[in-house]
Amino acid sequence: MILAAILAMMLATSAARPLPSGPHHGVATWYGEPFHGRTMAVGAVYDQHDPATVAVPLWPSTTVPVIPLGTHFVVCAHRCIAVEARDTCPGCRAEPLHLDLSRAAFAAIEARHEDGVVSIVAILP
């Protein structure tokens, strides 16, 4: 059942139009517990301490462009880091762009954790 849901999410995301290359402005939040240790959309186990993990909006539509799973790209706020789209975020929007970073990735781009939201630029290859 879980595998079928993961496959459905991956197919829905892969059927959507990818965001074009270049910079895309938006916001980032972070996720940690209780997701730490759970299986992500790509099949790997989520580690909130991995600074390369980002969850992208799940948008099962061909009208709104998305970031496909497996995409490597750069996210910048106060600092820039390289990340990979490894999970989906059903609560994140594709327009305007909203990414959900691992706890470590969020800490790497934004030193302050008070409000948990930061303006970002995602630079896609």
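I will walk you through the fold, the disulfides, the nonpolar cores and two unusual peptide bonds of this chain, which is a predicted model. Before I start, please keep in mind that local features need pLDDT of at least 70 and side-chain atom pairs count only at pLDDT 80 or more, whereas totals for chains, interfaces and linings use all residues. Residues are numbered from 1 along each chain as its sequence is written, and side-chain values use heavy atoms, with hydrogens and water left out.

Let me begin with the overall fold. The chain has two helices and six strands, and from the N terminus on these elements follow the order α-β-β-β-β-β-α-β; helices (H or I, at least four residues) and strands (E, at least two) are DSSP runs, numbered from the N terminus. The six strands close into a barrel, in the order S1-S5-S2-S4-S3-S6, with mixed pairing, where two strands pair if DSSP finds at least two bridges between them. On average, neighbouring strands of this sheet are turned by 45 degrees against each other, direction ignored, the axes being lines fitted to C-alpha atoms, for helices over the stretch in contact, with angles from 0 to 180 degrees between N-to-C directions.

One pairing deserves a closer look. Strand S3, residues 72-76, and strand S6, residues 118-124, run antiparallel and are joined by three bridges, and within S6 it is Val-121 that serves as the bridge partner of Cys-76.

That cysteine takes us to the disulfides, of which the structure holds two, a disulfide being a pair of cysteine sulfur atoms within 2.5 Å. In one of them, the sulfur atoms of Cys-76 and Cys-80 lie 2.1 Å apart, and because the torsion about their S-S bond is about 115 degrees, this disulfide is right-handed. Cys-76 counts as buried because its relative accessibility is 12%, where buried means under 20% relative accessible area, exposed over 50% and partly exposed in between, with a 1.4 Å probe and protein chains only. The other disulfide joins Cys-89 to Cys-92 with an S to S distance of 2.2 Å, and with 70 degrees about the S-S bond this link is right-handed. Cys-89, at 11% relative accessibility, counts as buried, and Cys-92 is buried with a relative accessible area of 3%.

What, then, fills the inside? The largest nonpolar core has 22 residues, and those with the most contacts inside it are Ile-67, Phe-73, Leu-99 and Ile-120; such a core is a set of buried Ala, Val, Leu, Ile, Met, Phe, Trp, Tyr and Cys residues joined through side-chain atoms within 4.5 Å. S6 gives the most to this core, with four residues. Leaving aside neighbours within four places in sequence, Phe-73 is in contact with several residues, including Val-54, Ile-67, Leu-99 and Ala-122, contact meaning heavy atoms within 4.5 Å. Apart from the largest core lies another, of six residues, among them Tyr-31, Met-40, Tyr-46 and Cys-89. Over the chain of 125 residues, 47% count as buried.

Finally, the peptide bonds. Most peptide bonds are trans, but the one from Glu-33 to Pro-34 is cis, with omega near 5 degrees, and Pro-34 is found in the loop between strand S1, residues 22-31, and S2. A cis peptide bond also joins Glu-95 and Pro-96, with omega about -10 degrees, and Pro-96 is found in the loop between S4 and S5.
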